[in-house]
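I sat down with this one today and kept a few notes as I went. Here they are, in the order I looked things up.

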Amino acid sequence: MVKLKDGREVELELFKFDSCPFCVRVMRTIKELGVEGIRMRDTRREPDANAELSRRGGKSQVPCLFIDGEALYESADIDRWLRNSLAG
Ligand SMILES: N[C@@H](CCC(=O)N[C@@H](CS)C(=O)NCC(=O)O)C(=O)O
């Protein structure tokens with residue numbers, strides 16, 4: 001679980017792979033903000049992660065951040081959500 005700045009606790013799960021530049025951007029933001037507790041899922045290394053992402057999120061595109069089970073695609077939107085929800 002990750003605590004947000006409004007005090008809520010949410011489950012965060014990030015589907016990504018390391019050579020994806022859009023994922024690198026999101027990973028950098030996570031590091032910059034010092035967020036811990038995000039479950040990382042690697043769609044290139046974990047045999048079932050790609051299929052799971054498609055099934056749960058509707059498409060296999062990474063990065064995808066699940067916020068309490070709800071999919072958020074697009075690195076710019078994920079970046080914005082992280083900064084708005086966790087920083088401060
Ligand atoms: N506009 C997207 C682009 C993401 C993207 O193109 N990801 C590639 C990997 S670098 C991908 O997942 N391609 C496979 C797919 O779309 O199923 C973003 O900024 O997140």
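**Entry 1: helix α1.** I began with α1, residues 21–33, in what is a predicted model. I counted 13 residues and got 19 Å from the first C-alpha to the last, close to the 18 Å expected at 1.5 Å a residue. Next I asked which residues of α1 are buried. They are C23, V26 and I30. Looking down the axis of α1, I found these buried residues within an arc of 65 degrees, so they line one face of the helix. The spacing makes sense to me, because an α-helix has 3.6 residues a turn and residues three or four places apart point the same way. I then checked the other side of α1 and found P21, R28, K31 and E32 exposed there.

**Entry 2: around α1.** What do the buried residues of α1 pack against? I find β3 (12–16) and α3 (75–86). I also looked at what follows α1: it is G34, with a positive phi near 70 degrees.

**Entry 3: helix α3.** I gave α3 the length check too. Its 12 residues should span 16 Å at 1.5 Å a residue, and the end C-alpha atoms are 16 Å apart, which agrees. Here S75, I78 and L82 are buried. Down the axis of α3 I again read an arc of 65 degrees for the buried residues, so they line one face of this helix. The face turned away from that buried side carries A76, D77 and N84, which are exposed. Among the elements covering the buried residues of α3, I noted α1, β5 and β6 (70–73).

**Entry 4: the core.** I turned to the largest nonpolar core, which has 13 residues. Those with the most contacts inside it are L14, F15, V26, V62, C64, L65 and I78. I traced where the core comes from: β3, α1, β5 (64–67) and α3 each supply at least two of its residues. A reminder to myself: in soluble globular proteins, nonpolar side chains tend to be buried together. I followed L14 outward, leaving aside its neighbours within four places in sequence, and found contacts with V26, I38, M40, R41, P63 and L65.

**Entry 5: the ligand.** Last, which residues are around the ligand? My list reads C20, F22, S60, Q61, V62, P63, E74, S75 and A76. I sorted this shell into 5 nonpolar, 3 polar and 1 charged. Some names were already in my notes: V62 is one of the core residues with the most contacts, S75 is buried in α3, and A76 is exposed on the face turned away.

Key
Residues numbered from 1 in each chain as written. Predicted model: local features only at pLDDT ≥ 70, side-chain atom pairs only at ≥ 80, totals over all residues. Helix = DSSP H or I, 4+ residues; strand = E, 2+ residues; numbered from the N terminus. Expected span 1.5 Å × (residues − 1). Buried ≥ 20, exposed ≤ 12 C-beta atoms within 10 Å, placed from the backbone. Arc of directions from axis to C-beta. Contact = placed C-beta atoms within 7 Å. Core = buried A, V, L, I, M, F, W, Y, C linked by C-beta atoms within 7 Å. Near = placed C-beta within 6 Å. Nonpolar A, V, L, I, M, F, W, Y, C, P; charged D, E, K, R; others polar.
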